[in-house]
Amino acid sequence: MEKIEKKRLEALRKAMAEHGIDCCIINSTDPHQSEIPPAHWRGREWLTGFKSENGTNGIAVVTKDHAYVWTDNRFFIQARQQLEGTGFEMMPLDGPEGVDLIEYVANMMPKDSAVAIDGMTFSSTEAEKMREAFEEAELNFVTDFPMFEYIWPERPSQPLNRLFIHDEEIVGETVDSKITRIIEEVEKEGADAILISALDDIAWATNLRTAGDVAFSPMFTSYLYLDKLGTRILFINEEKLTPDVKDFLNKYNIEVRGYDETLGFAESIPASTCVLIDPTLTSITIAEKIPTTLEGGKRVANLKSIKNENMLTHWRTAMEKDGVALVKLFKWIDDEFPKGNLTEMSIARKLRECRLADPDCVDESFAAIVGWNGHGAIVHYEPSDETDVPVTGQGLLLIDSGGQYLQGTTDITRTIALGGEPTKEQKHDFTLVLKGMIALARATFPKGTRGAQLDILARQFLWNEGKAYYHGTGHGVGFFINCHEGPVQIRMNEIPVALQPGMVMSDEPGLYIEDKYGIRCENMLAVELWKSNEFGDFYRFRNLTLFPFDRSLIEWEIITTEEREWLEEYNKEILERLSPLLSEEETEWLFSKCIMHNS
């Protein structure tokens, strides 16, 4: 049976021919460069069949004779499987055989070919890089080809979910205070105003949230314009505003205009007003409408990334709530596994049920990754009705999940052994990963240190044996916003952002053996001041996550005294903080998982 994606590909090629387009490049995101765009903008997934609830990083390239999808190493296995029979071929974006998309297109297309994008879904930075390369190759670059308007008749509408106010007692800062700080940074950069496109920045600045616009993240589709004269405009569909939210916006003198009015407003800004934009997050279409712009804007993301003590205090509560949910889940897995009825999907459903039983949990922070044995080696695997497998026999179960609590966002991965004694290989590999996670968690470092300078701590034990993972080791985490938050990251490639007290991030090394098993250990960490002396300020990490690691997978012979002490202290904290929130039976189960002995 022919896959529907082949017919969609034919429809796109027909539309391209009608509009004089020889090559079409299709992004995976929306006008705000969201990691997980609303359904209205998930056209590349609809076209290619390469998709997931958590979104997939992929850019499609379609010509008269060829169709490709570029993606990164997290998705190689998944992409190859899902693209089979669709007419699309996977191309590696990174790794040893990585292919540069722009260079490939520039070399592939004959001179004078028209290469088109939808400029609303490509950032100014991406589009300008393409323009430069394609013009050098004597290609015609077209930025106004909204391909899905021509070929997607059943396209979902733009989201209309209602907003709600994130309690400022939990947040610890008013909208006035945040906007004042934003404008101070705008003026420091030499601009008069700022147009904010990133949905997480807007949610943070306004202390507003919603459920449903963006899967698993309580952000809302909008733009925010602020200037030093006191103008504050939120561009949003007014149907999304409740009376309480309208009153809240009025309180802070924020004017509301329609979402579709953004482009017209951008054109109308006086040329004498210098507007700060982040070119990596602002679409080329909008950027070109504004008469006078200054590229920058990273300072807003930096403000958002540094959490105040009020937030960190509430995050402790979120972690306790999450720990309780995880105890209930993993105890249930232990109870049900011998019955032979577990599947990846049943575990994912139970996990969601355990989290959402808490009234402060609004949603999961992403679709749970539940991978049994070989599926665990697919870094961003999500079980579905088509891929679901029984969790039986002997093996490793990898569960990467999180919750969106009013008190903070959580993200945790645990790998456990089921069905008998794990193999020597499984234990050894797990312990190498765990040692790397602990090494990063125990790090102390001077002010000014960047993530790339710490990344080796998590990878060293794997590299020493010629083993590796190629995803990042850590990403920033938002405060009841999105699970993946910029700008701070811990990864091999340089991100020029120094770690600062108040930043919260993940610590998640892993190892993936295709068709056999995947291993990942992940906690969340907060940066805090450690000591100040004649050499300056030194920082360390404070652990936030509360759930034990599977003791049966630890190869104790290669665990050092310091690592063992870290584990003992960690388990002690887990018991102290979670036990009062659990039933007697649950506490006994947790104690059995936290006791430390070499077996």
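Q: In this predicted model, where does Phe535 lie, and is Phe535 buried or exposed?
A: Let's start with the backbone: Phe535 sits in the loop between strand 27 (523–533) and strand 28 (536–543). Its relative accessibility is 66%. Exposed residues are those over 50%, so Phe535 counts as exposed.

Q: How many Å apart in space are Phe535 and Asp360, C-alpha to C-alpha?
A: Along the sequence, Phe535 and Asp360 are 175 residues apart. In space, the C-alpha to C-alpha distance between Phe535 and Asp360 is 43 Å.

Q: Which strand of the hairpin with strand 25 has both faces covered, and which residue in the turn has a positive phi?
A: Strand 25 (residues 510–513) pairs with strand 26 in the antiparallel sense, over four bridges, and Ile513 stands opposite Tyr517 in strand 26. Strand 26 (residues 517–520) is covered on both faces, with Tyr517 and Ile519 buried on one side and Gly518 and Arg520 buried on the other. The two strands, 25 and 26, form a hairpin with three residues between them. In that turn, the residue with a positive phi, about 70°, is Asp515.

Q: Which residue is joined to Gly486 by a cis peptide bond, and in which strand is Pro487 placed?
A: Here is one for anyone checking omega values: the bond between Gly486 and Pro487 is cis, with omega about 0°. The residue joined to Gly486 is thus named as Pro487. Pro487 has its place in strand 23 (residues 485–490).

Q: Is Phe480 buried or exposed?
A: Phe480 is found in the loop between strand 22 (474–476) and strand 23. Although Phe480 is not a glycine, its phi is positive, at about 50°. The relative accessible area of Phe480 is 0%, and buried means under 20%, so Phe480 is buried.

Q: What is the phi of Phe216, and is Phe216 buried or exposed?
A: Phe216 lies in the loop between strand 9 (208–210) and strand 10. Phe216 is not a glycine, yet it has a positive phi of about 70°. With a relative accessibility of 8%, Phe216 counts as buried.

Q: Which residues stand opposite Ala193 in strand 10 and in strand 13?
A: Ala193 belongs to strand 8 (residues 193–196), where Ala193 and Leu195 point one way, Ile194 and Ile196 point the other way, and all are buried. Strand 8 pairs with strand 10 (residues 223–227) in the antiparallel sense over four bridges, while two bridges join strand 8 to strand 13 (residues 275–277), running parallel. In strand 13, the bridge partner of Ala193 is Val275. In strand 10, the residue opposite Ala193 is Asp227.

Q: Which strands are the edge strands of the open sheet with the order 16-17-20?
A: This open sheet has three strands with antiparallel pairing, and its neighbouring strands are turned by 10° against each other on average, direction ignored. Strand 16 pairs with strand 17 (residues 395–401) over four bridges, and Val370 stands opposite Ile399 in strand 17. An edge strand pairs on one side only, and the two that do are strand 16 (369–372) and strand 20 (412–418).

Q: Is helix 16 roughly parallel or roughly antiparallel to helix 17?
A: Helix 16 (residues 424–441) and helix 17 (residues 451–463) pack with their axes 7 Å apart, at an angle of about 160°. Angles over 145 degrees count as roughly antiparallel. Helix 16 also passes helix 17 in a right-handed crossing. By the angle, the two helices, 16 and 17, are therefore roughly antiparallel.

Q: How many nonpolar residues are in the contact of helix 16 with helix 17?
A: On helix 16 the contact is made by Leu432, Val433, Lys435, Gly436, Ala439 and Leu440, and on helix 17 by Leu454, Leu457, Ala458, Gln460, Phe461 and Leu462. By class, one of the residues is charged, two are polar, and the nonpolar ones number nine.

Q: What is the orientation of helix 8 to helix 9?
A: Helix 8 (residues 175–188) packs against helix 9 (residues 199–206) at an angle of about 125°, with the axes 7 Å apart. The contact is made by Val175, Lys178, Arg181 and Ile182 of helix 8 and by Trp204, Ala205 and Thr206 of helix 9. These divide into four nonpolar, one polar and two charged residues. The angle makes the orientation of helix 8 to helix 9 oblique.

Conventions:
Residues numbered from 1 in each chain as written. Predicted model: local features only at pLDDT ≥ 70, side-chain atom pairs only at ≥ 80, totals over all residues. Heavy atoms only, no water. Axes fitted to C-alpha atoms, helices over the stretch in contact; angles between N-to-C directions. Parallel < 35°, antiparallel > 145°, perpendicular 65-115°, else oblique. Left-handed = near helix turned anticlockwise from the far one by under 90°. Contact = heavy atoms within 4.5 Å. Nonpolar A, V, L, I, M, F, W, Y, C, P; charged D, E, K, R; others polar. Pairing = 2+ DSSP bridges. Buried < 20%, exposed > 50% of the residue type's maximum accessible area, 1.4 Å probe, protein only.
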